[in-house]
Amino acid sequence: MNVTPLLQDVGRRLQVIRELEERFSDVLAPRFRIFNYLRDDEYGLSRCLADLLDPKGPHGQGAIFLERFIDMIEMPQLRTRSVEAKVKLEQSTDEKRRIDIFLEFPNGLIGIENKPWAADQELQLFDYARFLEQKAAGRSDPLEWKLIYLSNREPGKESTGGEHFTSYEQWYKWLTYEELEGWLQECAPRCNALPVRVFVEELAKYVSTQLNGELGMTAEKEVMESILADEESIRAAAAISLAWPDM
């Protein structure tokens, strides 16, 4: 199957869009992103998320971000004590590992492993789950807890330990950056402070383009038109889609 004509057509359409963006850049500034000037590595992203999740964070919006996140990961019991949550970056574990974001409530624990690019380490998630389990059980009243794996790919067996992770499945949730983007987009209009709303909207754009690979509405429309042009283009697009994960 020859996919070259489809790739060439898509390339031409995207080139036209880039030229139009350049022509009207003084009005649209389509490539301007706040996060182009900030630390945009894994730690930088974790810090942004931790600050938003902190009900006492500098955003001043209370628990609006945290409560929506609690709903998303299905831990409604934590809502009653959300304003009391404490948020920490890089929580040390007994195995000398570090959980990217750690949230401690009077009635529960959440650990978030943020994996936008880096590969998993051996037994990483298994060790995190065991740490959270032991910390939750160490209270006079055992706490609810959940381990969140934030990534657009599922964790490998080298990280979970395969069948050894089975006993933790009810305490574990895989969360994609597409879901995270939806959380940010939902929270942004709820911000009373304009600077915070702009920040959240920009963070959502960063996640959309840098982590989810989204093209933007105009470019996506052009790509779809190229794919749907004829039967051969649809077959070529399907072949590219199948090959993409390996690439």
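An angle between two helices here runs from 0 to 180 degrees, taken between the N-to-C directions of their axes. Keep that handy for this tour, and remember that the model you have open is predicted.

**Stop 1: two helices.** Select α4, residues 64-72, and then add α7, residues 177-187. At what angle do α4 and α7 pack? The angle is about 140°, and the axes lie 10 Å apart. Angles over 145 degrees would count as roughly antiparallel and 65 to 115 as roughly perpendicular, with the rest above 35 called oblique, so α4 and α7 are oblique to each other. Their crossing is right-handed.

**Stop 2: where they touch.** Show side chains for Ile64, Phe65, Arg68, Phe69 and Met72 on α4. Now do the same on α7 for Glu179, Trp183, Glu186 and Cys187. Those residues make the contact between the two helices. Colour them by class and you'll get six nonpolar, three charged and no polar residues.

**Stop 3: a hole inside.** How many cavities of 30 Å³ or more does the count give? Just one, and it holds about 40 Å³ of space. To find it, select Leu49, Leu53, Phe69, Ile101, Ile112, Leu150, Leu180 and Trp183, which line the cavity. The elements giving two or more residues to this lining are α3 (42-53) and α7 (177-187). Try the class colours again: the lining has eight nonpolar residues, with no polar and no charged ones.

**Last stop: two familiar faces.** Click on Phe69 and Trp183. Both belong to the contact of α4 with α7, and both also line the cavity.

Note on methods:
Residues numbered from 1 in each chain as written. Predicted model: local features only at pLDDT ≥ 70, side-chain atom pairs only at ≥ 80, totals over all residues. Heavy atoms only, no water. 1 Å grid on protein atoms, 1.4 Å probe; cavity = no way out; pocket = protein on both sides within 12 Å on 5 of 7 lines; lining within 4 Å. Points joined across faces, edges and corners; volume = space filled by probe spheres on them. Helix = DSSP H or I, 4+ residues; strand = E, 2+ residues; numbered from the N terminus. Nonpolar A, V, L, I, M, F, W, Y, C, P; charged D, E, K, R; others polar. Left-handed = near helix turned anticlockwise from the far one by under 90°. Contact = heavy atoms within 4.5 Å.
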